[in-house]
Amino acid sequence: MKISNKKLYEKVADVIILDINEGRLKIGDRLPSIKALSESFGVGQATIREALNALRAMGYVEIKHGQGTFIVEREEVYFNIEAINGDVKDIENLLEVRKIVEVGVSRLAAEKRTDDDLHAIESALKDMKQAIQDNELGEASDLKFHLAVVEAAKNDMLKQLLLNVSEIMRHTMKETRRIYLYTKSKSIEKLYNEHKEIFEAIKSQNAELAQHKMAFHLEEVEKVVLSNIKKTEQ
């Protein structure tokens, strides 16, 4: 099976995930050696190692040194309320605040941004991309992105509003990204693309589009968070 495209390791990982989902690979199965997989896919061994590391990060496999790589049962991932020292209502309130504030902020950012602002936002995007490549959650770069956008809006009161909730935002972003990474193939890349589209709209000074892209992003985050909160038994 030959694969020719950039991000080869993602393509390899996708094929293995498909084999798992369709039952060709089962829990407990050992994958072929890195050398054998390399020959089968027609890619280098370094690409196979990247693919296996990505699969391990997503919870599909366990790599046992000296034994091989094994398919494992993935645990269902929920939003961990305890990780943010809050409760469901706190999360709902935060999501409401973010939608009210950041949608308007993105419009102002598109209208008022400077070249320095664009550089700061793009820097956060690059950090986010690097986190994906390193199989990290990247919540710090996520927060950096949103704070850079509010900085571009040139409104100190709006900036202070977000800074006041920045710590709970960071913890919420971490949990949200954990859900994206561990529950859906490549959805962490989708999350990155949503941020990139916000940046492009701000860069082109299209205020209406920037507002729309931010609203869409926050609505998607809200769906993922609220649908994955593990409600404790009463």
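This is a guided tour of a predicted model, arranged as a series of selections to make in the viewer.

**The whole chain**

Begin with the full chain in a cartoon representation, where ten helices and two strands can be picked out. Followed along the sequence, these elements come in the order α-α-α-β-β-α-α-α-α-α-α-α. If you colour the 234 residues by relative accessibility, buried residues account for 43% of them. A contact map is also worth drawing at this stage: among contacts between residues at least 6 apart in sequence, 72% join residues at least 24 apart.

**Helix 4 against helix 6**

Two packed helices are described by the angle between their axes and the distance between the axes. Select residues 88–112, which form helix 4, together with residues 139–152, which form helix 6; the two pack at an angle of about 60°, and their axes are 7 Å apart. Helix 4 and helix 6 are therefore oblique to each other, and their crossing is left-handed.

Now show side chains at this contact. On the helix 4 side the residues are R98, E102, V105, S106, L108, A109 and K112, and they meet H146, V149, V150 and A152 of helix 6. Sorted by class, this contact of helix 4 with helix 6 holds six nonpolar, two polar and three charged residues.

**A109, within that contact**

Stay on helix 4 and centre the view on A109, which counts as buried because its relative accessibility is 0%. Once neighbours within four places in sequence are set aside, A109 is in contact with V149, A152, A153 and I202. For one of these partners, A153, a distance label is useful: A109 and A153 are 44 residues apart along the chain, yet their C-alpha atoms are separated by 4.0 Å.

**Helix 5 against helix 6**

Keep helix 6 on display and add helix 5, residues 115–133. The axes of helix 5 and helix 6 come within 8 Å and cross at roughly 170°, which makes helix 5 roughly antiparallel to helix 6. The crossing of this pair is left-handed.

The residues to select in helix 5 are D117, A120, I121, S123, A124, L125, D127 and M128, which meet S141, D142, K144, F145, A148, V149, E151 and A152 in helix 6. By class, the contact of helix 5 with helix 6 divides into nine nonpolar, two polar and five charged residues.

**The nonpolar cores**

In soluble globular proteins, nonpolar side chains tend to be buried together. Here the largest nonpolar core has 42 residues, and those touching the most other members are V105, I121, F145, V149 and I202. Two or more residues of this core come from each of helix 4, helix 5, helix 6, helix 7 (156–164), helix 8 (166–183), helix 9 (187–203) and helix 10 (207–228), with helix 4 giving the most, eight residues. Select V105 to look at one member in detail: apart from residues up to four places away in sequence, V105 touches V149, V150, A153 and L158. A second core, separate from this one, has 19 residues, including Y9, L25, L52 and L55.

**D14 in helix 1**

Move next to helix 1, residues 8–21, and select D14. With a relative accessible area of 24%, D14 is partly exposed. Draw a C-alpha to C-alpha distance from D14 to L55, and the value is 9.1 Å for two residues that are 41 apart in sequence.

**E194 in helix 9**

For a charged side chain in another setting, go to helix 9 and select E194, which counts as buried at 4% relative accessibility. Leaving out neighbours within four places in sequence, E194 is in contact with F216, H217 and E220.

**Two loop residues to check on a Ramachandran plot**

Most residues other than glycine have a negative phi. K154, which is not a glycine, has a positive phi of about 60°, and it is found in the loop between helix 6 and helix 7. K154 is partly exposed, with a relative accessible area of 41%.

Finish with Q205, in the loop between helix 9 and helix 10. The phi of Q205 is also positive, near 60°, in a residue other than glycine, and at 45% relative accessibility Q205 counts as partly exposed.

Notes. Residues are numbered from 1 along each chain as its sequence is written. This is a predicted model: local features need pLDDT of at least 70, side-chain atom pairs count only at pLDDT 80 or more; totals for chains, interfaces and linings use all residues. Side-chain values use heavy atoms; hydrogens and water are left out. Axes are lines fitted to C-alpha atoms, for helices over the stretch in contact, and angles run from 0 to 180 degrees between N-to-C directions. Helices (H or I, at least four residues) and strands (E, at least two) are DSSP runs, numbered from the N terminus. Angles under 35 degrees count as roughly parallel, over 145 as roughly antiparallel, 65 to 115 as roughly perpendicular and the rest as oblique. A crossing is left-handed if the near helix is turned anticlockwise from the far one by less than a right angle, and right-handed if clockwise. Contact means heavy atoms within 4.5 Å. Ala, Val, Leu, Ile, Met, Phe, Trp, Tyr, Cys and Pro count as nonpolar, Asp, Glu, Lys and Arg as charged, and the others, Gly among them, as polar. A nonpolar core is a set of buried Ala, Val, Leu, Ile, Met, Phe, Trp, Tyr and Cys residues joined through side-chain atoms within 4.5 Å. Buried means under 20% relative accessible area, exposed over 50%, partly exposed in between (1.4 Å probe, protein chains only).
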